[in-house]
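Let's take a walk through this model, stopping at a helix, some rings and a handful of charges. Have a look at the fold before reading on.

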Amino acid sequence: SMSPTQPPRRKHKTLLRRKKGDRPYRLLGLSKAILQILVSRFVARTTDLYRLVPQAARKQTDHEREIRAALKRLREEYDPHEKKDDVDRRWGYIRSVSWSDPTIENKIEYTCLVHGLTDRGLRLARDRGLDPDHMGRSFQEFSTDHVDHELRVNDMGDALRQELAKHGLELIVIRITLKRTHIHPDLLFYIYDATTDTRSAPIFLEYEKQKRGHYDDGGKPQIIKKLEALAAYYNSAECYKDFNFRNFYVVTILRTERKANFLLKDLAERGLKHKTFLVASEPEFKANLLTTQYRTAAGESYSILDL
């Protein structure tokens, strides 16, 4: 079992220097908790915040109302003294967009708001020491097409963390700063056992996006292109330089069993048969996280605890 260190800190972005007109904003408990969650998760639904923000109110209904009020304040807080042509200043500290679960027929019932930090919100978080490692990202220009994908990655992490906790295991997740020259996985995680102070090999996650038909110029599906890039990255000096480890697993989750089978066939044809590349479908994965059998193109199966 390997014990690589965390990736190096990202260089500070010039975008986030304090700008004229950024007035000190009183960050009370709820607002602070919301900003902290958006730094670590990138996006969160209102319902996620009900669950994740520590409850101070006695009643659940009061807790939820207070969170909605804090979100409204953060969203609408702008500087009236600012010149009108400065686009950045027309934003509050968070951006909220409407999202409906694409897997559910009745859209009215399952539509809610999803929140993320604006450039100003990220500056405020860093100013107040809520993002010391510069892991946060701005949601200001983020495409709404990809919100669903980000939420699924978060949900998978939450579900995995809960299941592992039942077995006395912890999930260590590293996200956001993962973009490197040739690879951009959704997540890097380890499973940590505190009793033996050991952790699993590093595992990269690739979660299929909802929009299909992403091909590169050679007519190659984007997921194949990403996995081929990771195959070239495996055991490379570049990988060691970026992350301080050379070997890893890649878990790919696809929306349906049919797509998972197609991908495995495609990987086999391209010679990517080794245990590094593991594939499962969303229905298999959701049924039981820890006993899900991730398959390789060579026809072998492993659960996440085998890694």
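Which residue with a positive phi follows α6? It is Asn-235, and its phi is near 55°. Before going further, keep in mind that this is a predicted model, where local features need pLDDT of at least 70, side-chain atom pairs count only at pLDDT 80 or more, and totals for chains, interfaces and linings use all residues. Residues are numbered from 1 along each chain as its sequence is written, and side-chain values use heavy atoms, with hydrogens and water left out.

Let's get the overall picture. The protein has nine helices and 11 strands; these are DSSP runs numbered from the N terminus, with helices being H or I of at least four residues and strands being E of at least two. Of its 307 residues, 48% are buried. Here buried means under 20% relative accessible area, exposed means over 50%, and partly exposed is in between, with a 1.4 Å probe and protein chains only. The accessible surface comes to about 16,200 Å², and carbon and sulfur atoms account for 50% of that; the areas come from the Shrake-Rupley method with a 1.4 Å probe, and for residues only the protein chains shown count as cover. As for contacts (heavy atoms within 4.5 Å), take those between residues at least 6 apart in sequence: 60% of them join residues at least 24 apart.

Back to α6, then. This helix covers residues 222-233, so to speak a 12-residue stretch, and spans 17 Å from its first C-alpha to its last, close to the 16 Å expected at 1.5 Å a residue. That expected span is 1.5 Å times one less than the number of residues. Ile-223, Ile-224, Leu-227, Leu-230 and Tyr-233 are the buried residues to look for in α6. And what covers the buried residues of this helix? The cover includes the strands β7 (203-207), β8 (249-254) and β9 (277-281), along with the helices α7 (237-243) and α8 (257-269).

Tyr-233 also leads us to the rings. It belongs to one aromatic cluster with Phe-204, Tyr-234, Phe-243, Phe-245 and Phe-248. Rings of Phe, Tyr and Trp (its six-membered ring) pair if their centres lie within 6.5 Å; planes under 30 degrees apart count as stacked, over 60 as edge-to-face and the rest as tilted. By this rule there are 11 aromatic pairs. One of them is Phe-42 with Phe-139, an edge-to-face pair at 5.7 Å centre to centre with 85° between the planes. Phe-42 sits in the loop between α1 (29-41) and β1 (44-45), while Phe-139 is in the loop between α4 (119-127) and α5 (147-166), so this pair ties together parts that are 97 residues apart in sequence. Both rings are tucked away: Phe-42 is buried at 1% relative accessible area, and Phe-139 is buried at 0%. In the cluster, Phe-245 and Phe-248 have ring centres 6.5 Å apart and planes at 65°, so that pair is edge-to-face too. Phe-245 and Phe-248 are both buried.

Phe-139 has charged company as well. The charged end of Arg-95 sits over its ring, 4.8 Å from the centre, and Arg-120 likewise has its charged end over the ring of Tyr-93, at 4.6 Å. A charge sits over a ring if NZ of Lys or CZ of Arg is within 6 Å of the ring centre and within 35 degrees of the ring normal.

Now for the salt bridges, where a side-chain nitrogen of Lys or Arg lies within 4 Å of a carboxyl oxygen of Asp or Glu. The whole structure has 20 of them. In α5, Asp-158 and Arg-161 meet in one at 3.8 Å, N to O; they are three residues apart in the helix, about one helical turn. Asp-158 is buried at 12%, whereas Arg-161 is partly exposed at 37%. Which residues does Asp-158 contact, leaving aside its neighbours within four places in sequence? They are Arg-41 and Arg-51. A network of salt bridges links Asp-158 and Arg-161 with Arg-41, Arg-45, Asp-48, Arg-51 and Asp-155.

Our last stop is α8. Lys-265 and Glu-269 form a salt bridge at 3.5 Å, N to O, and being four residues apart in this helix they are separated by about one helical turn. Lys-265 is exposed at 51% relative accessible area, and Glu-269 is exposed at 59%. Asp-266, in turn, forms a salt bridge with Arg-270, with the closest N and O atoms 2.8 Å apart. In that pair, Asp-266 counts as buried at 18% relative accessibility, while Arg-270 is partly exposed at 33%.
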